[in-house]
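This report describes the surroundings of a bound ligand and then turns to one further residue of the protein.

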Amino acid sequence: MYILDDGIKLDAVLKKPDNFNGRCPLVIIIHGFTGNKDEGMLVAVSDMLNKNGFATLRADMYGHGRSDGAFKDHTLFKWMSNAMTLIDYALDQSFVSDIYLCGHSQGGLTVMLAAALKHEFIKGMIALSPAAMIPELARKGRLLDSDFDPDNLPDELPTWNDQVLGSNYIRVAQTIHVEEAIDRYDGPVLIVQGTNDMPDLIASAKAAHERYRHSEFVLIDGDDHCYGVHMDKMVDAVREWICRTCK
Ligand code: FER
(Lines give C-alpha, C1' and ligand atoms only; values in the text may rest on other atoms or scores of the structure.)
Protein backbone atom coordinates (compact mmCIF):
# COMPACT_ATOMS: atom_id res chain seq x y z
CA MET A 1 0.00 0.00 0.00
CA TYR A 2 1.07 3.60 -0.56
CA ILE A 3 0.59 6.55 1.78
CA LEU A 4 0.93 9.92 0.03
CA ASP A 5 3.07 12.71 1.52
CA ASP A 6 2.23 15.73 -0.65
CA GLY A 7 2.16 13.54 -3.76
CA ILE A 8 5.26 11.51 -2.81
CA LYS A 9 4.38 7.81 -2.54
CA LEU A 10 5.59 6.09 0.65
CA ASP A 11 5.46 2.30 0.42
CA ALA A 12 4.04 0.99 3.69
CA VAL A 13 2.88 -2.23 5.33
CA LEU A 14 0.11 -2.11 7.96
CA LYS A 15 -0.28 -5.22 10.12
CA LYS A 16 -3.00 -5.71 12.72
CA PRO A 17 -2.31 -7.85 15.78
CA ASP A 18 -3.03 -11.57 15.89
CA ASN A 19 -6.62 -12.26 17.10
CA PHE A 20 -7.53 -8.63 16.51
CA ASN A 21 -10.91 -7.20 17.33
CA GLY A 22 -11.90 -3.68 18.22
CA ARG A 23 -9.26 -1.04 18.86
CA CYS A 24 -5.55 -1.40 19.58
CA PRO A 25 -2.35 0.65 19.85
CA LEU A 26 -0.24 1.09 16.71
CA VAL A 27 3.55 1.37 16.43
CA ILE A 28 5.04 3.26 13.47
CA ILE A 29 8.43 1.70 12.55
CA ILE A 30 11.07 3.69 10.64
CA HIS A 31 14.32 2.30 9.15
CA GLY A 32 17.75 3.97 9.01
CA PHE A 33 20.03 5.63 6.44
CA THR A 34 20.26 3.41 3.28
CA GLY A 35 17.82 1.02 4.97
CA ASN A 36 14.29 -0.13 4.24
CA LYS A 37 11.16 -1.29 6.04
CA ASP A 38 11.80 -5.01 5.39
CA GLU A 39 15.08 -5.32 7.31
CA GLY A 40 15.14 -8.41 9.55
CA MET A 41 15.44 -6.49 12.81
CA LEU A 42 12.41 -4.31 11.97
CA VAL A 43 10.29 -7.29 10.89
CA ALA A 44 11.31 -9.08 14.13
CA VAL A 45 10.12 -6.09 16.21
CA SER A 46 6.92 -5.87 14.15
CA ASP A 47 6.13 -9.61 14.50
CA MET A 48 6.71 -9.45 18.27
CA LEU A 49 4.39 -6.42 18.54
CA ASN A 50 1.66 -8.11 16.47
CA LYS A 51 1.80 -11.12 18.83
CA ASN A 52 1.40 -8.80 21.82
CA GLY A 53 -1.68 -6.86 20.73
CA PHE A 54 -0.09 -3.98 18.78
CA ALA A 55 -0.68 -3.05 15.15
CA THR A 56 2.42 -1.95 13.22
CA LEU A 57 2.98 0.41 10.30
CA ARG A 58 6.38 -0.03 8.61
CA ALA A 59 7.21 2.46 5.86
CA ASP A 60 10.00 3.18 3.39
CA MET A 61 11.08 6.78 3.79
CA TYR A 62 11.83 9.30 1.00
CA GLY A 63 14.58 8.05 -1.33
CA HIS A 64 14.67 4.58 0.26
CA GLY A 65 13.17 1.12 -0.41
CA ARG A 66 10.16 1.26 -2.75
CA SER A 67 9.15 4.83 -1.93
CA ASP A 68 9.41 7.79 -4.28
CA GLY A 69 12.34 10.19 -4.31
CA ALA A 70 16.03 9.79 -5.08
CA PHE A 71 18.38 8.72 -2.29
CA LYS A 72 20.69 11.62 -3.17
CA ASP A 73 17.89 14.13 -2.50
CA HIS A 74 16.74 12.87 0.88
CA THR A 75 17.07 15.13 3.92
CA LEU A 76 15.95 14.99 7.55
CA PHE A 77 13.29 17.62 6.72
CA LYS A 78 11.79 15.23 4.15
CA TRP A 79 11.91 12.36 6.64
CA MET A 80 10.31 14.54 9.34
CA SER A 81 7.52 15.38 6.89
CA ASN A 82 7.16 11.66 6.01
CA ALA A 83 6.95 10.78 9.73
CA MET A 84 4.26 13.42 10.34
CA THR A 85 2.30 12.02 7.37
CA LEU A 86 2.49 8.51 8.85
CA ILE A 87 1.29 9.84 12.22
CA ASP A 88 -1.61 11.65 10.50
CA TYR A 89 -2.47 8.42 8.66
CA ALA A 90 -2.53 6.57 12.00
CA LEU A 91 -4.70 9.29 13.57
CA ASP A 92 -7.25 8.76 10.76
CA GLN A 93 -7.62 5.02 11.48
CA SER A 94 -10.60 4.45 13.76
CA PHE A 95 -9.15 1.14 15.08
CA VAL A 96 -6.07 2.89 16.53
CA SER A 97 -6.25 3.64 20.27
CA ASP A 98 -2.71 5.01 20.83
CA ILE A 99 0.30 5.80 18.63
CA TYR A 100 3.89 4.79 19.41
CA LEU A 101 6.99 5.57 17.34
CA CYS A 102 9.95 3.23 16.84
CA GLY A 103 12.97 4.05 14.68
CA HIS A 104 16.41 2.61 13.99
CA SER A 105 19.51 4.84 13.67
CA GLN A 106 18.64 7.75 11.35
CA GLY A 107 15.06 6.51 11.78
CA GLY A 108 15.67 6.75 15.54
CA LEU A 109 16.72 10.37 15.14
CA THR A 110 13.65 10.91 12.92
CA VAL A 111 11.26 9.56 15.57
CA MET A 112 12.93 11.78 18.19
CA LEU A 113 12.23 14.79 15.95
CA ALA A 114 8.70 13.59 15.08
CA ALA A 115 7.85 12.99 18.76
CA ALA A 116 8.76 16.63 19.37
CA LEU A 117 6.65 17.84 16.44
CA LYS A 118 3.53 15.80 17.31
CA HIS A 119 4.11 15.31 21.04
CA GLU A 120 0.49 15.31 22.18
CA PHE A 121 -0.34 12.36 19.88
CA ILE A 122 2.60 10.11 20.77
CA LYS A 123 2.05 7.68 23.67
CA GLY A 124 5.67 6.49 23.71
CA MET A 125 8.84 6.42 21.64
CA ILE A 126 11.50 3.75 21.04
CA ALA A 127 14.88 4.68 19.54
CA LEU A 128 17.10 1.75 18.49
CA SER A 129 20.76 2.82 18.09
CA PRO A 130 19.58 6.39 17.40
CA ALA A 131 21.95 8.41 15.20
CA ALA A 132 21.42 11.51 17.35
CA MET A 133 24.95 12.72 16.59
CA ILE A 134 24.26 13.48 12.89
CA PRO A 135 23.39 17.20 13.33
CA GLU A 136 26.46 17.90 15.48
CA LEU A 137 28.74 15.99 13.08
CA ALA A 138 27.26 17.92 10.15
CA ARG A 139 28.16 21.16 11.95
CA LYS A 140 31.68 19.83 12.60
CA GLY A 141 32.19 18.63 8.98
CA ARG A 142 32.60 14.91 9.67
CA LEU A 143 29.79 12.77 8.18
CA LEU A 144 30.10 9.27 6.74
CA ASP A 145 33.87 8.94 7.12
CA SER A 146 34.28 12.13 5.03
CA ASP A 147 35.79 15.34 6.34
CA PHE A 148 34.55 18.58 4.79
CA ASP A 149 34.58 22.28 5.51
CA PRO A 150 31.23 22.86 7.27
CA ASP A 151 31.11 26.42 5.91
CA ASN A 152 31.95 25.51 2.28
CA LEU A 153 30.08 22.32 1.55
CA PRO A 154 30.93 19.97 -1.31
CA ASP A 155 28.11 19.41 -3.85
CA GLU A 156 27.93 15.78 -2.85
CA LEU A 157 29.32 13.29 -0.33
CA PRO A 158 30.25 9.68 -1.11
CA THR A 159 28.28 7.23 1.07
CA TRP A 160 28.01 3.47 1.50
CA ASN A 161 26.97 1.27 -1.47
CA ASP A 162 28.54 3.65 -4.06
CA GLN A 163 25.68 6.11 -3.64
CA VAL A 164 26.20 9.85 -3.26
CA LEU A 165 24.37 12.24 -0.98
CA GLY A 166 23.56 15.81 -2.02
CA SER A 167 24.75 18.75 0.04
CA ASN A 168 21.16 19.65 1.00
CA TYR A 169 21.33 16.69 3.39
CA ILE A 170 24.18 18.38 5.25
CA ARG A 171 22.61 21.86 5.09
CA VAL A 172 19.43 20.53 6.70
CA ALA A 173 21.24 18.46 9.32
CA GLN A 174 23.32 21.48 10.36
CA THR A 175 20.13 23.34 11.35
CA ILE A 176 18.68 20.58 13.55
CA HIS A 177 19.10 20.86 17.31
CA VAL A 178 18.46 17.52 18.95
CA GLU A 179 18.39 18.92 22.50
CA GLU A 180 15.46 21.20 21.63
CA ALA A 181 13.56 18.23 20.20
CA ILE A 182 14.26 16.17 23.31
CA ASP A 183 12.91 18.98 25.50
CA ARG A 184 9.65 19.06 23.53
CA TYR A 185 8.70 15.44 24.35
CA ASP A 186 8.05 14.30 27.88
CA GLY A 187 6.35 10.95 27.21
CA PRO A 188 8.02 7.63 27.95
CA VAL A 189 11.14 6.81 25.93
CA LEU A 190 13.15 3.62 25.46
CA ILE A 191 16.63 3.80 23.96
CA VAL A 192 18.33 0.51 23.03
CA GLN A 193 22.02 0.53 22.21
CA GLY A 194 24.63 -2.11 21.36
CA THR A 195 28.06 -1.60 22.96
CA ASN A 196 29.99 -2.32 19.72
CA ASP A 197 28.30 0.44 17.71
CA MET A 198 30.10 3.65 16.59
CA PRO A 199 31.50 5.40 19.71
CA ASP A 200 30.12 8.86 18.84
CA LEU A 201 26.69 7.34 18.18
CA ILE A 202 26.73 5.52 21.54
CA ALA A 203 27.72 8.74 23.31
CA SER A 204 24.88 10.69 21.68
CA ALA A 205 22.33 7.96 22.46
CA LYS A 206 23.39 8.04 26.12
CA ALA A 207 23.24 11.86 26.21
CA ALA A 208 19.73 11.74 24.74
CA HIS A 209 18.66 9.23 27.40
CA GLU A 210 20.03 11.47 30.14
CA ARG A 211 18.22 14.54 28.76
CA TYR A 212 14.76 12.95 28.26
CA ARG A 213 12.57 13.32 31.34
CA HIS A 214 11.15 9.78 31.19
CA SER A 215 13.70 7.57 29.54
CA GLU A 216 15.00 4.04 29.99
CA PHE A 217 18.30 2.91 28.47
CA VAL A 218 19.07 -0.71 27.64
CA LEU A 219 22.67 -1.47 26.68
CA ILE A 220 23.20 -4.72 24.82
CA ASP A 221 26.65 -5.99 25.56
CA GLY A 222 28.70 -6.92 22.48
CA ASP A 223 26.00 -6.01 19.96
CA ASP A 224 26.53 -3.98 16.77
CA HIS A 225 24.60 -1.17 15.07
CA CYS A 226 22.03 -3.52 13.49
CA TYR A 227 21.71 -6.12 16.31
CA GLY A 228 23.49 -8.79 14.27
CA VAL A 229 24.67 -10.55 17.47
CA HIS A 230 21.73 -10.42 19.93
CA MET A 231 18.62 -9.44 17.96
CA ASP A 232 16.54 -11.48 20.42
CA LYS A 233 17.77 -9.30 23.32
CA MET A 234 16.83 -6.11 21.47
CA VAL A 235 13.35 -7.46 20.65
CA ASP A 236 12.95 -8.61 24.28
CA ALA A 237 13.91 -5.15 25.58
CA VAL A 238 11.26 -3.55 23.34
CA ARG A 239 8.63 -6.13 24.38
CA GLU A 240 9.31 -5.75 28.08
CA TRP A 241 9.20 -1.93 27.91
CA ILE A 242 6.13 -1.53 25.70
CA CYS A 243 4.03 -4.14 27.48
CA ARG A 244 4.77 -2.37 30.78
CA THR A 245 4.36 1.19 29.41
CA CYS A 246 1.11 0.78 27.47
CA LYS A 247 -0.97 -0.03 30.57
C1 FER B 1 26.91 9.00 9.79
C2 FER B 1 26.85 7.91 10.65
C3 FER B 1 25.66 7.15 10.72
C4 FER B 1 25.77 9.33 9.02
C5 FER B 1 24.62 8.59 9.11
C6 FER B 1 24.56 7.50 9.97
C7 FER B 1 24.84 10.73 7.34
C8 FER B 1 23.30 6.75 9.98
C9 FER B 1 23.25 5.43 10.16
C10 FER B 1 21.99 4.68 10.01
O11 FER B 1 20.91 5.26 9.84
O12 FER B 1 22.05 3.43 10.08
O13 FER B 1 28.05 9.76 9.68
O14 FER B 1 25.90 10.42 8.19
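In this predicted model, the shell of residues around the ligand consists of seven nonpolar, four polar and no charged residues. Its members are Gly32, Phe33, Ser105, Gln106, Met133, Ile134, Leu143, Leu144, Trp160, Tyr169 and His225. The largest pocket is the space that the ligand takes.

Polar contacts to the protein backbone are found at Phe33, at Gln106 and at Leu144. In each row of the table, the distance runs from an oxygen atom of the ligand to a polar backbone atom of the residue named.

| Residue | Distance from a ligand oxygen atom to a polar backbone atom |
|---|---|
| Phe33 | 2.7 Å |
| Gln106 | 2.9 Å |
| Leu144 | 2.8 Å |

How much of the ligand does the protein bury? The ligand exposes 370 Å² when taken alone, and 95% of that area is buried by the protein.

A separate point concerns Asp151, which is located in the loop that joins α4 (134-140) to β7 (156-158). Is Asp151 buried or exposed? The relative accessible area of Asp151 is 68%, and this residue is therefore classed as exposed, the cut-off for that class being over 50%.

The position of Asp151 can also be described relative to Arg213. The two residues are separated by 62 residues in sequence, and their C-alpha atoms are 34 Å apart in space.

Note on methods
Residues numbered from 1 in each chain as written. Predicted model: local features only at pLDDT ≥ 70, side-chain atom pairs only at ≥ 80, totals over all residues. Heavy atoms only, no water. Near = heavy atom within 4 Å. Polar contact = N/O pair within 3.5 Å; in protein donor to acceptor, adjacent residues only side chain to side chain. Areas by Shrake-Rupley, 256 points an atom, 1.4 Å probe, with all protein chains shown as cover. 1 Å grid on protein atoms, 1.4 Å probe; cavity = no way out; pocket = protein on both sides within 12 Å on 5 of 7 lines; lining within 4 Å. Sits in = over half its atoms within 2 Å of the grid points. Nonpolar A, V, L, I, M, F, W, Y, C, P; charged D, E, K, R; others polar. Helix = DSSP H or I, 4+ residues; strand = E, 2+ residues; numbered from the N terminus. Buried < 20%, exposed > 50% of the residue type's maximum accessible area, 1.4 Å probe, protein only.
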